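Reader: I'm new to this one and would like a close look at a single part. Could you walk me through the metal site and then show me what lies elsewhere in the chain?

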Amino acid sequence: MVFTADDQFFLRNIWYHAMPSHELKPGKMLAKTLLDEPILFGRTRAGKPFAIKDICPHRAVPLSCGWFNGEDVQCCYHGWRFDPAGKCVEIPSLMDDQKMDLSRFDVRGYDVREVQGNVWIYIPDSDPKKAHPPNLDIPRVPGFSDDAKPAISYTMRFPCFIDHAVVGLMDPAHSPFVHRSWWWRGAQLNPEIKWFDPSPYGFTMRRHTMPATMGRGYWLIGGVPENEIIFYLPGVRTEETTTNKYRAVNLTTVTPLSENETDVTFEFYWDIPWGGVLKPFLHYLIPAFLGQDRDVVIKQQIGLKSEPILRLIKDSDVLARWYYQLKAEYRRSQAENREFVSPVKTQQLRWMA
Ligand code: FES
Ligand SMILES: [Fe+2]
């Protein structure tokens, strides 16, 4: 299987992670470009998040340059007002007897949901004829309610196209080279054998008992841990680790801002009562760990400039291959308006890492 730069495209008609909830303060707005679309996010004073296109339909000034009173957004140029759904509700220059159908001036509103301490946005197809409301759900962190919040949350910007960030983060063979460090692992390679199954819009690394590298540390966390990893389009991964006593889940989301900028958000949810003591370590380790992934992607950009053909091998590159196949099938099934057929087949994969 080979890939070239021509295979680059953004998936649409799908939910993307927009930002951790705490970044969107009540009564405030926040401009963010996703998939090359300028979007104005906001949270009403009542606490409801929303997102509308960040371009005034009158003379194209970004609405984020204007004002938000906690209820509606006002453009800074001629003061047109828009509600959180994007409906034009006032044109101040109109005289009382100048009646006009304001609905002609609405801006595009996006579907936004808040789940488990994160704001998600549904990005429809840019062609209104192919756009439709969500027919799949937002991925959930297993074992936690929708009101749960991450204990820790960190976002890092990768200077690359989304595919390189997703493939890099799920790649099982890079760890001994990219994550070699005194606090994580050495250069020694060990055999890994794992079962994989298809799961909705992605795949699952079947639940398995983790290798006994933690030795006597197990008593601390209540037994030998089990681990399960689930990947979902367009770039969401949950890694659940459970023991008899506790559960800890890492949620990683990958969201493209543009062709060459991608946000990676790394969060932890846990029910460990003394989990707070882990936070100072994780505040140091997570940026260091993600920084290793980002640094190699920066190096990769040098080579990608000459638009080489990229080659994928068996086993250790099967996850990357599935990602590309899932993405292509999602786009095709949307275009043909038919059921999504997973390209993933249950199988065992083996690699050294
Ligand atoms: S440009 Fe926004 S109100 Fe005129
Ligand atoms: Fe990595």
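Author: Let's start with a bit of vocabulary. Four donors count as tetrahedral if all angles lie between 85 and 135 degrees, and as square planar if opposite donors are over 155 degrees apart and all others between 65 and 115; anything else is irregular. Keep in mind that what you're looking at is a predicted model.

Now the site itself. The iron ion (ligand 2) is held by NE2 of His174, NE2 of His179 and two OD atoms of Asp293, at 2.0 to 2.7 Å. The angles among those four donor atoms run from 52 to 148°, so the site is irregular. For reference, the ideal angle for four tetrahedral donors is 109.5 degrees.

Look along the sequence and you'll find the donor residues spaced H-x4-H-x113-D. His179 and Asp293 link distant parts of the chain, 114 residues apart. His179 sits in the loop between helix 2 (175-178) and strand 13 (191-199), while Asp293 belongs to helix 4 (residues 279-304). Both of these donors are tucked away: His179 is buried, with a relative accessible area of 1%, and Asp293 is buried too, at 4%.

Next, the nonpolar interior. The largest nonpolar core has 63 residues, and Phe41, Ile121, Phe203, Leu233, Trp322 and Tyr323 have the most contacts inside it. Helix 5 (residues 318-335) supplies the largest share of this core, eight residues. Domain 1 (10-123) and domain 2 (152-352) both give residues to the core, so it lies between them. Zoom in on Phe41 and, beyond its sequence neighbours up to four places away, you'll see it touching a whole list of residues, including Met19, Leu24, Phe50 and Ile121. Apart from this core lies another one, of 16 residues, among them Leu40, Val73, Trp80 and Leu102.

Back to helix 5 for a moment, because Val318 lies there and counts as buried at 9% relative accessibility. Leaving aside neighbours within four places in sequence, Val318 is in contact with Ile313 and Leu349. The C-alpha atoms of Val318 and Asp171 are separated by 9.1 Å, though the two residues are 147 apart along the chain.

One last stop is Ala148, in the loop between strand 11 (118-123) and strand 12 (152-158). Ala148 counts as buried, at 14% relative accessibility. Setting aside neighbours within four places in sequence, Ala148 is in contact with Gln116, Gly117 and Tyr269. Asp101 is 47 residues from Ala148 along the chain, and their C-alpha atoms are separated by 43 Å.

Technical notes:
Residues numbered from 1 in each chain as written. Chains lettered and ligands numbered in written order. Predicted model: local features only at pLDDT ≥ 70, side-chain atom pairs only at ≥ 80, totals over all residues. Heavy atoms only, no water. Donors = N, O, S within 2.8 Å, 3.2 Å for Na, K, Ca; no water. Tetrahedral: all angles 85-135°; square planar, octahedral: opposite > 155°, others 65-115°. Helix = DSSP H or I, 4+ residues; strand = E, 2+ residues; numbered from the N terminus. Buried < 20%, exposed > 50% of the residue type's maximum accessible area, 1.4 Å probe, protein only. Contact = heavy atoms within 4.5 Å. Core = buried A, V, L, I, M, F, W, Y, C linked by side-chain atoms within 4.5 Å. Domains from an automatic or database assignment.
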